[in-house]
Amino acid sequence: MPPAIETERLVKEYGDLRALDEVSLRVEDGEFFGLLGPNGAGKTTFISILVGLVRLSGGSARVFGHDVVDDYREARDAIGIAPQEFNVDRFFPIEEVLMHKAGYHGITHDEAKERAHEVLKTVGIYEKREQRFDWLSGGMKRRLLLARALVTDPDLLILDEPTAGVDVELRHDLWEIVSDLNANGTTVLLTTHYIEEAERLCDRVAILDHGEVVTVESPEDLMDRGTDTIYVTLEADLDAPPALDGYAIDAWIDAGRLAVQVDDGGAVAPRLLRDLSDGGHEVVDLEIARTSLEDIFVDLTERSGGIS
Ligand SMILES: Nc1ncnc2c1ncn2[C@@H]1O[C@H](COP(=O)(O)OP(=O)(O)OP(=O)(O)O)[C@@H](O)[C@H]1O
Ligand SMILES: [Mg+2]
């Protein structure tokens, strides 16, 4: 089986702007792959080339071995995409929107209706099937985009920031649905700004910055790159942080609390508490702030010499 996605030195230029700068990526069949990066990194551009919405300027891209330019139809038929922006026919009942989509991919009328109902149930908006897109709530619109991506039963599911601005319940629903699909063999390409989403779902992630691949690794390794900050509230306020041996990268007083920057907050916290207690400080409260994706982006792009 060829890889689900394989790009070689993929380039996209918009005038003087290089939105993709020789991106070579390989996503294996069955993988759950994350594409991360700051705004404007080129994530949506990359995806749009795979589905033929944007024409590449150089290099090549294949989906399950089908070249996205020369074998456009085969490549496109393998993909279901839930785009970042809503682009749905607003005047038809959503059930028909899904049937049109299936029809476009060569699925017969009766089967299309069956598939439409099935995916509307999967995403939990079956009872809204006769309503127009306009009449759905924001969260239901996200659900519909996923349903539309699934109606053709794609081998590669592409989700471009599917949980941007949705509530916690929908986020967890979406996670469960796509995890199940992936467990049943669907390859998933996901873009996200939420580190917990990448950690929870992805086997590997690529970080894109200014159109270049900065790194490809597991979300766990990515998290290990960042630092955590442990905030400790003490019974008696300190004027300056106490001396902490070895594990503290930095320590300071933040709004009356002791802040200690460390590599791994969970692992270090017990030792920090012991040290504080040994030093005669009584601990009232403790909070561990984990590295954010933004911190990691900044760290990685500084290291790679990019400008942020
Ligand atoms: N049609 C276009 N014409 C000109 N420039 C474009 C076009 N589409 C995208 N760009 C530019 O290409 C770059 C990459 O944009 P892209 O939408 O791929 O980023 P992204 O990583 O998806 O960002 P976000 O996280 O904000 O969605 C940006 O600088 C953007 O302004
Ligand atoms: Mg985007």
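This passage describes a sheet, the surroundings of a ligand and two helices in a predicted model.

The sheet is open and consists of four strands in the order S2-S1-S4-S5, with antiparallel pairing. Its edges are formed by S2 and by strand S5 (66-67), each of which pairs on one side only. Strand S1, which covers residues 5-14, runs antiparallel to S2 and is joined to that strand by eight bridges; within this pairing, Glu6 has Arg26 of S2 as its bridge partner.

The edge strand S2 also contributes to the surroundings of ligand 1, since strand S2 (17-27) and helix H1 (43-50) each supply at least two residues of the shell. The residues around ligand 1 are Tyr14, Leu17, Ala19, Gly37, Asn39, Gly40, Ala41, Gly42, Lys43, Thr44, Thr45 and Gln84. The largest share of this shell, amounting to three residues, comes from H1. When the residues of the shell are sorted by class, seven are polar, four are nonpolar and one is charged.

Helices H3 and H4 were examined with respect to burial and to the elements that cover them. In helix H3, which spans residues 94-104, the buried residues are Ile94, Val97, Leu98, Met99, Lys101 and Ala102, and the elements that cover them include helix H4 (109-122) and helix H5 (138-150). Following H3 is Gly106, whose phi is positive, near 85°.

In helix H4, burial involves Ala112, Arg115, Ala116, Val119 and Leu120. Seen down the helix axis, the buried residues of H4 fall within an arc of 130°, and they therefore line one face of the helix. The face turned away from this buried side carries the exposed residues Asp110 and Glu111. The cover over the buried residues of H4 includes H3 and H5, just as the cover over those of H3 includes H4 and H5. As for the length of H4, a rise of 1.5 Å a residue implies that its 14 residues should span 20 Å, and this expectation agrees with the model because the end C-alpha atoms of the helix are 20 Å apart. Just after H4, Gly124 takes a positive phi of about 80°; a glycine with positive phi, Gly106, likewise follows H3.

Notes: Residues are numbered from 1 along each chain as its sequence is written. Chains are lettered from A and ligands numbered from 1 in the order in which they are written. This is a predicted model: local features need pLDDT of at least 70, side-chain atom pairs count only at pLDDT 80 or more; totals for chains, interfaces and linings use all residues. A residue is buried if 20 or more other C-beta atoms lie within 10 Å of its own, exposed if 12 or fewer, and partly exposed in between; C-beta atoms are placed from the backbone. Two residues are in contact if their C-beta atoms, placed from the backbone, lie within 7 Å. A residue is near a molecule or strand if its C-beta atom, placed from the backbone, lies within 6 Å of it. Ala, Val, Leu, Ile, Met, Phe, Trp, Tyr, Cys and Pro count as nonpolar, Asp, Glu, Lys and Arg as charged, and the others, Gly among them, as polar. Two strands pair if DSSP finds at least two bridges between them. The expected span of a helix is 1.5 Å times one less than its number of residues. The arc is that of the directions from the helix axis to the C-beta atoms.
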